[in-house]
Amino acid sequence: MSIKTNQFRSLIAASGQSPIAQTSSQSSVVEPPPIRRRLGKRTAPDYVQVGVYIPKQLHNQAKVLLIHEGADRDFSQLIGDLLAQYLNKQTTGSADS
């Protein structure tokens, strides 16, 4: 096996240090699996973005209460829960009539 000359080999030789052993280019390096990021709601296929207009004060009060709640529930989850309650009330209320 012939050793190719390059600028680093000449620098090492000039320094008087012994060269570091070369590793085989065919060495089996185990690469860690890619880190999977959670999909956000924006890219999740089960979610749809909607736009609504609500009073700013109402929005701010709801956000403050969500923070104090401390259950890691975001505004989207709150609206989803409220819509689910509304739909449940509408479907069970019309079934009773």
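Reader: Is D81 buried, partly exposed or exposed?
Author: This is a predicted model, and in it D81 has a relative accessibility of 34%. Buried means under 20% and exposed means over 50%, with partly exposed in between. Because 34% lies between those cut-offs, D81 counts as partly exposed.

Reader: Which side chain does D81 meet in a salt bridge?
Author: A salt bridge pairs a carboxyl oxygen of Asp or Glu with a side-chain nitrogen of Lys or Arg within 4 Å. For D81 the N to O distance is 2.6 Å. The partner is R73.

Reader: Which residue is linked in a network of salt bridges with R73 and D81?
Author: R73 is partly exposed, with a relative accessible area of 27%. Besides its bridge to D81, R73 meets another side chain at 3.3 Å, N to O. That other residue is partly exposed as well, at 42%. The residue that joins R73 and D81 in the network is E69.

Reader: How many salt bridges does the structure hold?
Author: E69 and R73 form a salt bridge, and R73 and D81 form another. There is also a bridge between D74 and K41, with the closest N and O atoms 3.0 Å apart. The number in the structure is three.

Reader: How many residues apart are D74 and K41?
Author: D74 lies in the loop between α2 and α3 (75-96), while K41 lies in the loop between α1 and α2. Their salt bridge thus links distant parts of the chain. Both residues are partly exposed, D74 at 33% and K41 at 30%. Along the chain, their separation is 33 residues.

Reader: How far does helix α2 reach from its first C-alpha to its last?
Author: Helix α2 covers residues 56-69, which is 14 residues. At 1.5 Å a residue, a span of 20 Å is expected, and the model comes close to that. The reach of α2 is 20 Å.

Reader: Which residue takes a positive phi just after α2?
Author: Helix α2 spans residues 56-69. Just after α2, one residue has a phi of about 70 degrees. That residue is G70.

Reader: What is the area of the nonpolar surface patch that includes V48?
Author: V48 is found in the loop between α1 (7-15) and α2. Its relative accessible area is 71%, over the 50% cut-off, so V48 is exposed. The patch is made by V48, V50, V52, I54 and L58. Its area is about 510 Å².

Key:
Residues are numbered from 1 along each chain as its sequence is written. This is a predicted model: local features need pLDDT of at least 70, side-chain atom pairs count only at pLDDT 80 or more; totals for chains, interfaces and linings use all residues. Side-chain values use heavy atoms; hydrogens and water are left out. Helices (H or I, at least four residues) and strands (E, at least two) are DSSP runs, numbered from the N terminus. The expected span of a helix is 1.5 Å times one less than its number of residues. Patches are made of residues with over 30% relative accessible area and no salt bridge: like charges are joined within 9 Å, nonpolar side chains (Val, Leu, Ile, Met, Phe, Trp, Tyr) within 5 Å. Accessible areas come from the Shrake-Rupley method with a 1.4 Å probe; for residues, only the protein chains shown count as cover. Buried means under 20% relative accessible area, exposed over 50%, partly exposed in between (1.4 Å probe, protein chains only).
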